[in-house]
Amino acid sequence: MTTVRRLVLDVLKPHDPPLVDFSERVAEVDGVAGVSVSLIELDREVQNIEVTLEGDDLDVTAIEETIEQLGGTVHSIDQVACGERLVADRRSAHER
């Protein structure tokens with residue numbers, strides 16, 4: 001089976017835990033080498049965030065379970081990269 005090396009997730013989470021704590025907890029999941037979290041939208045009770053994860057063998061189920069334990073919900077998986085190496089993001093001909 002091919003390994004997942006990058007995931008980009010659209011996540012809705014409560015304000016608590018704060019983004020730094022949330023990121024640190026997700027980074028502790030086995031196989032995760034790095035996490036980047038960007039705030040997309042903020043309202044009175046929740047934050048919509050984009051979570052980008054990279055690693056040699058990401059466990060998607062463990063990542064989703066950790067996010068749920070932190071009170072978050074994965075709305076969508078917006079990008080997945082699999083295989084021997086990561087492919088650099090480039091704009092497609094359609095996007096130009």
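1. Contact here means that heavy atoms lie within 4.5 Å. On that basis, residues 24 or more positions apart account for 73% of those contacts in the protein chain that have a separation of 6 or more. The model is a predicted one, and the remarks below should be read with that in mind.

2. On the overall fold, the secondary structure of the protein chain comes to two helices and four strands, and from the N terminus on these elements follow the order β-α-β-β-α-β. The C-alpha trace spans about 40 × 35 × 20 Å along its principal axes. The radius of gyration of the protein chain is 14 Å, which agrees with the value near 12 Å that a compact globule of 96 residues would have.

3. On surface and charge, 29% of the 96 residues of the protein chain count as buried, while the accessible surface comes to about 6,400 Å², with 46% of that surface belonging to carbon and sulfur atoms. The protein chain carries 9 positive and 21 negative charges, and the mean positions of these two sets are 10 Å apart.

4. Asn48, which lies in strand E3 (residues 46-54), deserves attention for its polar side chain. Is Asn48 buried or exposed? Asn48 counts as buried because its relative accessibility is 16%, and the cut-off for that class is under 20%. The side chain of Asn48 is joined to that of Asp10 by a polar contact of 2.8 Å, and a polar atom of the Asn48 side chain also lies 3.4 Å from the backbone oxygen of Val11. Leaving aside neighbours within four places in sequence, Asn48 is in contact with Asp10, Val11 and Leu12, and also with Ser38, Leu39, Ile40 and Glu41.

5. Glu41, one of those contacts of Asn48, belongs to strand E2 (residues 34-42). With a relative accessible area of 54%, Glu41 is exposed, whereas Asn48 is buried. Beyond its neighbours within four places in sequence, Glu41 is in contact with Val46, Gln47 and Asn48. Glu41 and Leu12 are 29 residues apart in sequence, and their C-alpha atoms are 9.4 Å apart in space.

6. His15 is found in the loop between strand E1 (4-14) and helix H1, and at 30% relative accessibility this residue counts as partly exposed. Which backbone oxygen lies 2.8 Å from a polar atom of the side chain of His15? That oxygen belongs to Asp43, and the backbone oxygen of Arg44 lies 3.2 Å from a polar atom of the His15 side chain. Not counting residues up to four places away in sequence, His15 touches Leu42, Asp43, Arg44, Glu45, Val46 and Gln47. The C-alpha atoms of His15 and Leu70 are separated by 10 Å, although the two residues are 55 apart along the chain.

7. Ser23 offers a further example of a buried residue, with a relative accessible area of 18%, and its place is in helix H1 (residues 19-27). A polar atom of the Ser23 side chain lies 2.8 Å from the backbone oxygen of Leu19. Apart from neighbours within four places in sequence, Ser23 is in contact with Val35 and Val37.

Note on methods:
Residues are numbered from 1 along each chain as its sequence is written. This is a predicted model: local features need pLDDT of at least 70, side-chain atom pairs count only at pLDDT 80 or more; totals for chains, interfaces and linings use all residues. Side-chain values use heavy atoms; hydrogens and water are left out. The radius of gyration is taken over C-alpha atoms; the globule rule is 2.2 Å times the number of residues to the power 0.38. Buried means under 20% relative accessible area, exposed over 50%, partly exposed in between (1.4 Å probe, protein chains only). Accessible areas come from the Shrake-Rupley method with a 1.4 Å probe; for residues, only the protein chains shown count as cover. Lys and Arg count as positive and Asp and Glu as negative; His and the chain ends are not counted. The place of a charge is taken as NZ of Lys, CZ of Arg, CG of Asp or CD of Glu. A polar contact is a pair of N or O atoms within 3.5 Å; within protein, one must be able to donate a hydrogen and the other to accept it, and residues adjacent in sequence count only if both atoms are side-chain atoms.
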